Structure formats: C-alpha cells, structure tokens
Amino acid sequence: MALTPNRPMDMKTDNTLFSPLRRLRKLVLGVVSPARCVSCHARLAEGEEVFCMQCNAGIERTGDGFSPCDNSTVRLMWGKLAVERGASFMSYSPHAEGSDAIYAIKYGSQPAVGVKLGELMAREYMPAGFFDGIDLILPMPLHPRRERKRGYNQSRELAVGLSRVTGIEVCDAGVLRRIRNTPSQTTVGHYNRMANVEGAFRLVRPEKVAGKHVLVVDDIITTGASMYACASELLKAEGVRFSFLTVGRTEQ
C-alpha cells in the first residue's frame with residue numbers, strides 16, 4: 001500500500017499561527033517607517049489613511065456621489081452618449097487640498113495611495129447607493145508602453161480599492177485596450193482633446209461586458225474627452241450600461 005504524503009498545513013492554520021508575528025512586524029514597520037499624510041506628511045494616527053484628519057477635512061468634495069444622475073461631472077457626457085450616472089470625488093487644481101494624492105499615484109510611484117483613495121471613495125459613496133447595480137469596475141486603460149514606464153496603471157489601483165470595499169469585480173485588463181499611445185491630455189489644448197483620443201481604445205472581448213452595468217474609473221476628468229472615447233468603444237458591446245467615477249475634476 002502506498003504511503004500517504006504528509007498533508008501540508010492549510011492556509012487557515014498557517015494564518016492562525018503566524019498572525020501574531022505579522023502583527024508584530026506591522027507594528028515594528030509602523031515605528032520605523034510610519035505612514036504619513038500624503039498632503040502635509042504628518043504622521044497618520046490610528047484610523048487615518050492617505051490623509052490626516054485635518055487635510056481630509058480640507059478637501060473640496062464635489063458631493064457628486066449623492067446626486068449621480070445630475071451633477072456638473074455627469075453633464076460632461078450629456079448629449080454625447082448614454083450614461084447612467086457619473087461623479088468626481090473632489091475638485092482638483094494643482095495646489096488644492098488633496099491634489100498631492102493624485103500626483104502621488106500618477107507621478108510619484110505610489111500605487112498603494114491609489115488603492116486607499118479607492119477605498120475612501122467607496123466608503124463615502126456606498127451609503128448613498130452610488131454603486132447599486134454596478135456589475136463590473138473597468139479601470140481606464142493605459143497604453144502598454146506608458147504602463148511599463150510607470151510600473152502600474154493608477155486607475156487599476158483605484159479600482160482595486162473600490163472593489164475591496166464594494167465587493168464588485170474588477171474587469172480583466174485585456175477586455176478594453178488602449179491601442180494608441182496618445183500625448184497626455186494635459187499637454188493638449190482644450191479644443192484638440194477629443195481629436196487626441198479619437199480611436200485610442202479597442203474593445204477586444206465584448207462578451208465579458210455584454211449585458212453588464214460597467215463603472216469606468218479614472219484619476220482626473222476635465223473635458224471628458226478620454227472618458228467619452230473609452231465609453232464609446234465600451235458601448236459597442238451588446239446591452240452595456242455605462243457609469244463613471246473619477247477622483248478629481250478640473251475646471252475646463
């Protein structure tokens with residue numbers, strides 16, 4: 001009779017044994033390299049994430065999530081394509097409270113800040129029912145070349161944070177792709193932004209989103225040109241419903 005190999009320790013037992021060590025490690029790391037506010041760099045107190053209490057209070061929230069069918073952000077899509085709801089979490093300008101967080105995820109190589117921002121937005125907007133009926137979260141795609149240079153897609157980090165709180169699945173990266181490495185919209189004049197992103201996206205696997213209510217997530221929206229180009233391609237799938245959420249909204 002063949003001998004039965006020893007059964008490896010299951011994950012639950014492993015977590016039970018090592019959780020005190022993990023807690024100790026987290027405590028030590030917190031003392032050596034404490035988490036700091038992304039805006040003022042003060043040490044974060046227990047329960048604070050990304051922003052300290054003072055900086056968090058200073059963020060100019062749009063309140064879009066509490067009126068997602070009619071606000072300044074969702075109106076950017078009106079008359080252009082069918083949109084269910086839309087919102088931006090905060091008003092954005094280069095020196096506004098909270099702008100450091102957006103800079104950190106776009107240019108500061110801090111993807112973890114993106115995850116925490118996603119969690120923050122989800123916790124604030126869930127009670128208002130913003131995520132009700134959403135089937136998938138789709139991060140705004142980056143061109144592969146730009147993603148390799150940055151090391152990650154900041155919109156996907158935001159989506160991961162949203163998913164952790166809401167439980168909504170993040171869409172596979174290969175479903176909708178960015179096929180043109182267009183210049184950053186910040187470098188393009190207001191009236192040329194639509195042309196800059198025309199044909200920039202391609203829906204590769206429409207069956208993955210067909211019949212779904214999809215929430216497209218991005219960091220900043222200004223004219224809505226990139227969001228429009230992305231959604232126009234997404235809506236080619238049969239029965240898709242489109243909503244969107246961004247961290248910041250700039251003045252046009």
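The secondary structure of the protein chain comprises 8 helices and 7 strands. The model is a predicted one, and the description below proceeds from the sheet to the helices packed on it, and then to the chain as a whole.

Five of the strands form an open sheet, in the order 1-7-6-2-3 and with parallel pairing. Its edges are formed by strand 1 (86-91) and strand 3 (169-170), each of which pairs on one side only. Within the sheet, strand 2, covering residues 136-139, is joined to strand 6, covering residues 213-221, through 4 bridges in the parallel sense. At the level of single residues, Leu138 has Val216 of strand 6 standing opposite.

Two helices may be followed against this sheet. Helix 3, made up of residues 99-106, packs on the sheet and touches strand 1, strand 6 and strand 7 (241-249). The direction of helix 3 makes about 105° with that of strand 6. Helix 6, residues 154-166, also packs on the sheet; the strands that helix 6 touches are strand 2, strand 3, strand 6 and strand 7. Here the angle between the direction of helix 6 and that of strand 6 is about 130°. Strand 6 and strand 7 are thus touched by helix 3 and by helix 6.

Turning to the chain as a whole, 46% of its 252 residues are buried. Of the contacts between residues at least 6 apart in sequence, 73% join residues at least 24 apart. The accessible surface of the protein chain amounts to about 13900 Å², and carbon and sulfur atoms account for 52% of that surface.

Definitions and conventions: Residues numbered from 1 in each chain as written. Predicted model: local features only at pLDDT ≥ 70, side-chain atom pairs only at ≥ 80, totals over all residues. Heavy atoms only, no water. Pairing = 2+ DSSP bridges. Contact = heavy atoms within 4.5 Å. Axes fitted to C-alpha atoms, helices over the stretch in contact; angles between N-to-C directions. Buried < 20%, exposed > 50% of the residue type's maximum accessible area, 1.4 Å probe, protein only. Areas by Shrake-Rupley, 256 points an atom, 1.4 Å probe, with all protein chains shown as cover.
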